[in-house]
Amino acid sequence: MPKSITRNFETNKTKFIIENFKDIEKELKEDKNLKGASFRAMSPALIASPEGSNQIILYGINPETEKISSRLSRQIIRGDFLDNDEKSIIIGTRLAKKLN
């Protein structure tokens with residue numbers, strides 16, 4: 001089981017840290033029963049446009065491993081999947097409408 005540290009988001013500190021994620025990633029890659037796995041980082045954030053702002057949960061992903069382990073890349077309605085562009089984001093339809 002990965003080691004984790006619990007902290008409070010309201011104090012702006014990390015809630016969970018998987019200290020040995022590289023070891024876990026290696027084990028998962030060696031497991032012949034898995035097609036793929038992808039780690040994600042999460043953080044509360046604020047997204048804004050001239051029309052308004054919303055609190056969101058921001059997920060940091062690895063686009064290459066995400067293509068193997070989830071359907072996210074196939075659910076894009078407009079635009080392109082990330083393809084390792086560090087400045088791109090994906091937002092849902094409802095949030096896009098709220099932000100106009």
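Residues count as exposed when their relative accessible area is over 50%, as buried when it is under 20%, and as partly exposed in between. The legends below use these classes for a predicted model.

**Figure 1. Overview of the predicted chain, with three helices and two strands.** Along the sequence the elements follow the order α-β-β-α-α. The chain has 100 residues, of which 11% are buried. Its exposed surface comes to about 8,800 Å², and carbon and sulfur atoms supply 49% of that area. Among contacts with a separation of 6 or more, 26% are between residues 24 or more positions apart.

**Figure 2. Close-up of helix α1 at the salt bridge between Glu25 and Lys22.** The two side chains meet at 3.8 Å, N to O. Helix α1 spans residues 21–30, and Glu25 and Lys22 are separated by about one helical turn because they are three residues apart in it. Lys22 has a relative accessible area of 56%, and it counts as exposed because the class begins over 50%. The count of salt bridges in the model comes to four.

**Figure 3. Close-up of helix α1 at the salt bridge between Glu30 and Lys26.** The closest N and O atoms of this pair are 3.8 Å apart. Both residues belong to helix α1, where four residues, about one turn of the helix, separate them. Lys26 is exposed, with a relative accessible area of 53%.

**Figure 4. Close-up of the salt bridge between Glu66 and Arg40.** The N to O distance in this pair is 2.3 Å. The bridge links distant parts of the chain, with Glu66 in helix α2 and Arg40 in strand β1 (residues 40–49), 26 residues apart. Glu66 is buried, at 1% relative accessibility. Arg40 has 48% relative accessibility and so counts as partly exposed.

**Figure 5. Surroundings of Glu66 in helix α2.** Leaving out residues up to four places away in sequence, Glu66 touches Ser38, Arg40, Ile61, Leu72 and Phe81. One of these, Arg40, is also the salt-bridge partner of Glu66. The C-alpha atoms of Glu66 and Phe39 are 8.3 Å apart in space, while the two residues are 27 apart in sequence. The relative accessible area of Glu66 is 1%, so this residue counts as buried.

**Figure 6. Strand β2 at Asn54.** Asn54 has a relative accessible area of 18% and is therefore classed as buried. Not counting neighbours within four places in sequence, Asn54 is in contact with Ala45, Leu46, Ile47, Leu95, Lys98 and Leu99.

**Figure 7. Nonpolar surface patch formed by Met42, Ile57 and Tyr59.** Together these three residues have about 320 Å² of accessible area. Tyr59 lies in strand β2, which runs over residues 52–61. With a relative accessible area of 44%, Tyr59 is partly exposed.

**Figure 8. The largest pocket, with about 1,100 Å³ of space.** Of the 30 residues that line this pocket, Ile76, Ile89, Ile90, Ile91 and Gly92 are the closest to its centre. The elements that give two or more residues to the lining are β2, α2 (63–69) and α3 (93–99). Strand β2 supplies the largest share of the lining, six residues.

**Figure 9. Close-up of Asn100, in the segment after α3.** The phi angle of Asn100 is near 65°, a positive value in a residue other than glycine. Asn100 is exposed, with a relative accessible area of 70%.

How values were computed: Residues numbered from 1 in each chain as written. Predicted model: local features only at pLDDT ≥ 70, side-chain atom pairs only at ≥ 80, totals over all residues. Heavy atoms only, no water. Patch = residues over 30% accessible without salt bridge, like charges linked within 9 Å, V, L, I, M, F, W, Y side chains within 5 Å. Areas by Shrake-Rupley, 256 points an atom, 1.4 Å probe, with all protein chains shown as cover. Buried < 20%, exposed > 50% of the residue type's maximum accessible area, 1.4 Å probe, protein only. Contact = heavy atoms within 4.5 Å. 1 Å grid on protein atoms, 1.4 Å probe; cavity = no way out; pocket = protein on both sides within 12 Å on 5 of 7 lines; lining within 4 Å. Points joined across faces, edges and corners; volume = space filled by probe spheres on them.
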